[in-house]
Amino acid sequence: MNIDILKQELYSLCLEFSILCKTNDLKLVTAESCTAGLICGYLTDLPGSSAYIEGGFAVYSNHMKATILDVSCQTLEEFGAVSEQTALEMVSGALRKASNANIAVSVTGYAGPDVHDNVGLVWIGFKESNAQAICKKYNFLGNREAIRLQTINEAIKLILKQY
């Protein structure tokens, strides 16, 4: 994956996202594991982003997922940190904890470069207030930076597709 192309796409997605949020009175909270806060970071690069970004939770460890976002220890033990179930619990927990937000996105995955059979596997969750959470599975290719950028881009696209 070409990093420059991914970053150009990301900038365009951030602009589109800002317009969507301002038009629809949306306020986002993020729950990030493999991106460690980068979604929130990139979205807040735009001036005026405080109007539609409530904040984010960087929950890299299982302990943080459980303590901060109330991901159940049973879920983490049974399905693992990188699973649909964990992504759904993360996105729901983030929205519960950030009462001023009305949408949330979560990401959990293997960005590498560890020698791991599942490098590139990422689950992305989305939830609106008073709606059921959804989750999508992705298998990205590339190095750590490319996988993380693809994750951020697809997380924003997932939100945009809901509107």
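# Worked exercises on a predicted chain

Ser 49 is found in the loop between α2 and β2, where helices (H or I, at least four residues) and strands (E, at least two) are DSSP runs numbered from the N terminus. The model is predicted, so that local features need pLDDT of at least 70 and side-chain atom pairs count only at pLDDT 80 or more, while totals for chains, interfaces and linings use all residues. Residues are numbered from 1 along each chain as its sequence is written, and side-chain values use heavy atoms, with hydrogens and water left out.

**Exercise 1.** Determine whether Ser 49 is buried or exposed, and describe its surroundings.

Solution. Begin with the cut-offs: buried means under 20% relative accessible area, exposed over 50%, and partly exposed in between (1.4 Å probe, protein chains only). The relative accessible area of Ser 49 is 7%, and therefore Ser 49 is buried. Next, take contact to mean heavy atoms within 4.5 Å; not counting residues up to four places away in sequence, Ser 49 touches Leu 43 and Thr 44. Finally, compare sequence with space: Lys 22 is 27 residues from Ser 49 in sequence, and their C-alpha atoms are 9.5 Å apart.

**Exercise 2.** Classify the aromatic pairs of the structure, and state where the partners of the pair Phe 17 and Tyr 52 lie.

Solution. Rings of Phe, Tyr and Trp (its six-membered ring) pair if their centres lie within 6.5 Å; planes under 30 degrees apart count as stacked, over 60 as edge-to-face and the rest as tilted. By this rule the structure holds two aromatic pairs. In one of them, Phe 17 and Tyr 52 stand 5.9 Å apart centre to centre with 70° between the planes, which is an edge-to-face arrangement. This pair links distant parts of the chain, with Phe 17 in helix α1 (residues 3-24) and Tyr 52 in the loop between α2 (38-43) and β2 (53-58), 35 residues apart. Phe 17 counts as buried because its relative accessibility is 0%, and Tyr 52 counts as buried because its value is 1%. Tyr 138 and Phe 140 form a stacked pair, at 5.3 Å centre to centre and 15° between the planes. Tyr 138, at 10% relative accessibility, counts as buried, and Phe 140, at 9%, likewise counts as buried.

**Exercise 3.** Describe the position of Met 1 and list the residues that it touches.

Solution. Met 1 lies in the segment before α1, and because its relative accessibility is 60%, Met 1 counts as exposed. Leaving aside residues up to four places away in sequence, Met 1 touches Leu 6, Leu 141, Ala 146 and Gln 150. For Ala 146, which is 145 residues from Met 1 along the chain, the C-alpha separation is 6.3 Å.

**Exercise 4.** Decide whether the radius of gyration of the chain agrees with that of a compact globule, and set out the overall architecture.

Solution. The radius of gyration is taken over C-alpha atoms, and the globule rule is 2.2 Å times the number of residues to the power 0.38. For 163 residues a compact globule would have a radius near 15 Å, and the chain has 15 Å, so the two agree. The C-alpha trace spans about 40 × 35 × 20 Å along its principal axes. The secondary structure comes to six helices and five strands, which run α-β-α-β-α-α-α-β-β-β-α from the N terminus on. Of the 163 residues, 50% count as buried. Among contacts between residues at least 6 apart in sequence, 64% join residues at least 24 apart.
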